[in-house]
Amino acid sequence: SIRTLVRECPSAFAPFLNDFFVKAMDPSFTRMIKLDILTSLTLDPPSIEAVLKELRTYVRHDDVAFVCASVRAVGRVAELARVVYDRRGEKTGDAMGCRRDADTVALNCLHGLLALTEASED
């Protein structure tokens, strides 16, 4: 399946990131597959930013199972961001700066999720 191919060689699919964004008419199973693929394609800072921006809309969807999967995806992307930024720091020699960037991504994710839970309690 495409999901398996993306997991095995994500860099081959990275240029097609936007093609995996969920469309309004996608059935539930397709949304879940695309969500998994999107998290697998967070290979560099711009793709992390693009996927997190997309996930912001998904966490407000009507499908509760999809929302829960989207929240888990935010966590996975935050974890992957640490790896991506650590590798970037090794390449550029700016490990501390890249670690701060990864921390910022994680904190922004946490802040967004907290805001979501506060909004759902109202």
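The pockets and a nonpolar surface patch of the structure are described here. The model is a predicted one.

The largest pocket holds about 420 Å³ of space. Its lining comprises 17 residues, and those nearest the pocket centre are L52, R56, N108, C109 and G112. Two or more lining residues are contributed by each of the elements α4 (45–58), α5 (64–92) and α6. Of these, α6 makes the greatest contribution to the largest pocket, supplying 7 residues. In terms of residue class, the lining of the largest pocket consists of 12 nonpolar, 2 polar and 3 charged residues.

The second largest pocket encloses about 220 Å³ of space. T42, L43, D44 and P45 take part in its lining, together with L80, V83, V84, R87, R88 and K91. Helix α5 provides the largest share of this lining, with 6 residues. By class, the residues lining the second largest pocket comprise 5 nonpolar, 1 polar and 4 charged.

Helix α6, which gives the most residues to the lining of the largest pocket, spans residues 95–121 and includes L110. A nonpolar patch on the surface, with an area of about 300 Å², is formed by L107, L110 and L114. The relative accessible area of L110 is 47%. This value lies between the limits of 20% and 50%, and the residue is therefore classed as partly exposed. The same value is over the 30% required of residues that make up a patch.

How values were computed: Residues are numbered from 1 along each chain as its sequence is written. This is a predicted model: local features need pLDDT of at least 70, side-chain atom pairs count only at pLDDT 80 or more; totals for chains, interfaces and linings use all residues. Side-chain values use heavy atoms; hydrogens and water are left out. Patches are made of residues with over 30% relative accessible area and no salt bridge: like charges are joined within 9 Å, nonpolar side chains (Val, Leu, Ile, Met, Phe, Trp, Tyr) within 5 Å. Accessible areas come from the Shrake-Rupley method with a 1.4 Å probe; for residues, only the protein chains shown count as cover. A salt bridge is a side-chain nitrogen of Lys or Arg within 4 Å of a carboxyl oxygen of Asp or Glu. Helices (H or I, at least four residues) and strands (E, at least two) are DSSP runs, numbered from the N terminus. Buried means under 20% relative accessible area, exposed over 50%, partly exposed in between (1.4 Å probe, protein chains only). On a 1 Å grid over the protein atoms alone, a cavity is a set of points where a 1.4 Å probe fits but cannot get out, and a pocket is an open set with protein on both sides within 12 Å along at least five of seven lines; lining residues have an atom within 4 Å of a point. Grid points are joined across faces, edges and corners, and a volume is the space filled by probe spheres set on the points. Ala, Val, Leu, Ile, Met, Phe, Trp, Tyr, Cys and Pro count as nonpolar, Asp, Glu, Lys and Arg as charged, and the others, Gly among them, as polar.
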